[in-house]
There are 2 protein chains.
Amino acid sequence: MALAQAILTSLLEKPCTGAELARRFDKSLGHFWQATHQQIYRELGKLEQDGLVRAHGLAATRGQQRHFEVLATGKAALESWCAEPGEPRPIRDELLVRLRAAAVLGTVDVRVELLRHQGMHAQTLDRYLAIEANDFPADAQKTVADELQFAVLRAGIVYEQSWLNWCEQTLSHAPAIQKPALVEVWPPAD
Amino acid sequence: MALAQAILTSLLEKPCTGAELARRFDKSLGHFWQATHQQIYRELGKLEQDGLVRAHGLAATRGQQRHFEVLATGKAALESWCAEPGEPRPIRDELLVRLRAAAVLGTVDVRVELLRHQGMHAQTLDRYLAIEANDFPADAQKTVADELQFAVLRAGIVYEQSWLNWCEQTLSHAPAIQKPALVEVWPPAD
DNA sequence: TACGATTATGCAACTTGTTGCGCAAAGGAG
DNA sequence: CTCCTTTGCGCAACAAGTTGCATAATCGTA
């Protein structure tokens with residue numbers, strides 16, 4: 001639901017084509033809101049229909065670049081959405097379902113997967129920390145806009161840190177979780 | 001994608017009807033994996049078609065209770081899925097899009113929304129902590145299964161704590177974020 | 001010029017999750 | 001018994017996200 005607003009925000013910063021948007025999403029915005037190019041093109045189509053953005057090169061043929069720009073109505077819509085209340089997303093990580101299943105089954109070693117996740121979260125955290133060091137040095141003066149963008153980055157940082165923390169803690173607290181030497185005999189459930 | 005596995009897990013613990021499953025999801029499993037009753041019924045249908053679960057009272061008429069039970073193939077499928085590697089979910093919170101938009105717009109006060117989220121995360125954290133105090137007292141002996149279930153709960157706890165932390169930090173670091181006294185004149189974007 | 005790779009755009013089909021509604025059985029109140 | 005509410009089950013439609021493929025321009029190169 002926030003894809004349209006993310007696109008509007010990005011287009012407000014700088015009007016561009018759909019492909020350029022997709023590329024920008026892969027970089028900055030994509031850290032916390034991913035979108036494929038198909039999603040973006042579809043959403044751009046809706047936004048255009050709703051009169052929130054305008055295509056500059058309005059070629060209806062394929063393969064032709066279409067340059068998009070936010071209209072005043074689009075900016076107003078973004079402003080009004082921005083002030084709306086919203087619900088925070090609960091955790092919804094497959095890994096937790098796997099742990100729950102492993103608890104019931106009792107025959108699966110989850111430590112390998114925990115180590116994998118630990119590594120992935122560490123890698124993502126490093127990426128975020130590199131961005132922080134690069135774009136938000138501690139001694140720099142920050143405008144209000146900088147402060148807000150930094151807050152978004154910090155959300156990513158604390159998110160990854162907390163997962164990392166949890167992985168370590170879980171690995172150390174649960175060293176006994178392992179597959180038994182012999183797999184149990186096929187259980188006749190029916 | 002993990003809904004089928006979550007259902008299998010819950011059914012393995014105790015066979016039951018779809019409605020009972022939905023109720024259980026609202027309690028334990030629902031803390032980290034939500035599902036409406038429609039999702040659950042649809043998924044149960046697929047699982048039955050695939051021969052992973054069996055309906056006890058196989059009444060095809062509406063309004064009739066159908067009691068579900070995991071078959072051996074279902075347990076095997078769950079075991080094999082459980083050992084598969086998976087990707088961690090990146091953050092994807094609308095609030096971050098709002099902050100990003102606010103940074104670009106410069107006319108929206110985000111502190112109210114930050115306070116709201118702070119309150120909601122605090123509330124969820126309290127729920128989790130109550131469960132911890134109730135089900136996982138520090139001095140109790142834990143089996144491997146207990147340890148795993150506790151790990152799942154701790155994931156929820158650190159998740160909420162990190163958001164809470166971030167809210168506080170953001171609110172204190174960015175006290176200057178506010179709507180200007182006068183809204184700027186309508187900008188002619190076209 | 002012709003050919004192939006790249007870039008930009010888009011369609012179609014599918015999965016997952018959400019919302020709103022409808023229908024049937026069960027059980028209590030009048 | 002009849003009416004009404006609750007409970008269990010399910011359909012239909014939609015929104016959001018993913019995957020695979022198709023088509024048109026563009027550009028370098030043989």
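These are my notebook entries on two protein chains and two DNA strands in a predicted model.

**Entry 1: how the two chains relate**

I began with the superposition. Chain A can be laid on chain B by a turn of 180 degrees with a shift of 0.0 Å along the axis. The RMSD of that fit is 0.0 Å. I wrote down a two-fold axis, because that is the relation such a turn and shift describe. Next I looked up which C-alpha of chain A comes nearest the axis. A:Ser162 holds that place, at 3.2 Å from the axis. I also checked whether the copies use the same or different surfaces for their contact. The same surface serves both, and 99% of the contact residues of chain A recur in chain B.

**Entry 2: the contact between chain A and chain B**

I looked up the residue counts at the contact. Chain A puts in 79 residues and chain B puts in 78 residues. The size of an interface is often given as the accessible area lost when the parts come together. I therefore took that value too: about 8000 Å² is buried between chain A and chain B. Carbon and sulfur atoms give 66% of that area.

Then I went to the polar pairs. Between chain A and chain B I noted 29 residue pairs in polar contact, with both residues at pLDDT 80 or more. I listed the elements of chain A that give two or more residues to the side touching chain B. They are helix 1 (3-13), strand 3 (67-70), helix 4 (72-82), helix 5 (94-105), helix 6 (111-135) and helix 7 (144-173). Which element gives the most to this side? It is helix 7 of chain A, with 17 residues. I sorted the side of chain A that touches chain B by class as well. It has 45 nonpolar, 15 polar and 19 charged residues.

**Entry 3: salt bridges**

Side chains of opposite charge can pair when their charged atoms come close. I counted 18 salt bridges in the structure over all chains. Four salt bridges cross the interface of chain A and chain B. I looked at two pairs by name. A:Arg100 meets B:Glu13 in a salt bridge, with 3.2 Å from N to O. A:Arg100 lies in helix 5 of chain A and B:Glu13 in helix 1 of chain B, so this pair joins two chains. The other pair is B:Arg116 with A:Glu87. Their closest N and O atoms are 3.5 Å apart.

**Entry 4: DNA strand C**

I turned to the DNA and took strand C. There are 23 residues around DNA strand C. A:Ala19, A:Arg23, A:Tyr41, A:Gln64 and A:Arg66 come nearest. Of the strand C atoms within 4 Å of the protein, 62% belong to sugar or phosphate, and the rest to bases.

I followed three polar approaches. A:Arg66 uses a polar backbone atom, 2.6 Å from a phosphate oxygen of strand C. A:Arg92 uses its side chain, with an N or O atom 3.0 Å from a phosphate oxygen. A:His37 places a polar side-chain atom 3.2 Å from a base oxygen of strand C.

I then asked which helices each supply at least two residues of this surface. They are helix 2 (18-27) and helix 3 of chain A, together with helix 3 of chain B. Helix 3 of chain B has the largest share, four residues. By class, the surface near strand C has four nonpolar, twelve polar and seven charged residues.

**Entry 5: DNA strand D**

I repeated the look-up for strand D. Here 23 residues surround the strand, and the closest are A:Arg42, B:Arg23, B:Tyr41, B:Gln64 and B:Arg66. Sugar or phosphate accounts for 61% of the strand D atoms within 4 Å of the protein. The rest belong to bases.

Again I noted three approaches. A:Arg42 has a polar side-chain atom 2.8 Å from a base oxygen of strand D. A:Gln39 has one 3.0 Å from a phosphate oxygen of strand D. B:Arg92 has a polar side-chain atom 2.9 Å from a phosphate oxygen of the strand.

Helix 3 (37-49) of chain A, with helix 2 (18-26) and helix 3 (37-49) of chain B, each supply at least two residues of the surface near strand D. Helix 3 of chain A gives the most, with four residues. The class count for this surface is four nonpolar, twelve polar and seven charged residues.

Conventions: Residues numbered from 1 in each chain as written. Chains lettered and ligands numbered in written order. Predicted model: local features only at pLDDT ≥ 70, side-chain atom pairs only at ≥ 80, totals over all residues. Heavy atoms only, no water. Contact = heavy atoms within 4.5 Å. Buried area = accessible area lost by both parts, 1.4 Å probe. Salt bridge = Lys/Arg side-chain N within 4 Å of Asp/Glu carboxyl O. Polar contact = N/O pair within 3.5 Å; in protein donor to acceptor, adjacent residues only side chain to side chain. Nonpolar A, V, L, I, M, F, W, Y, C, P; charged D, E, K, R; others polar. Near = heavy atom within 4 Å. Least-squares fit on C-alpha atoms with pLDDT ≥ 70 in both.
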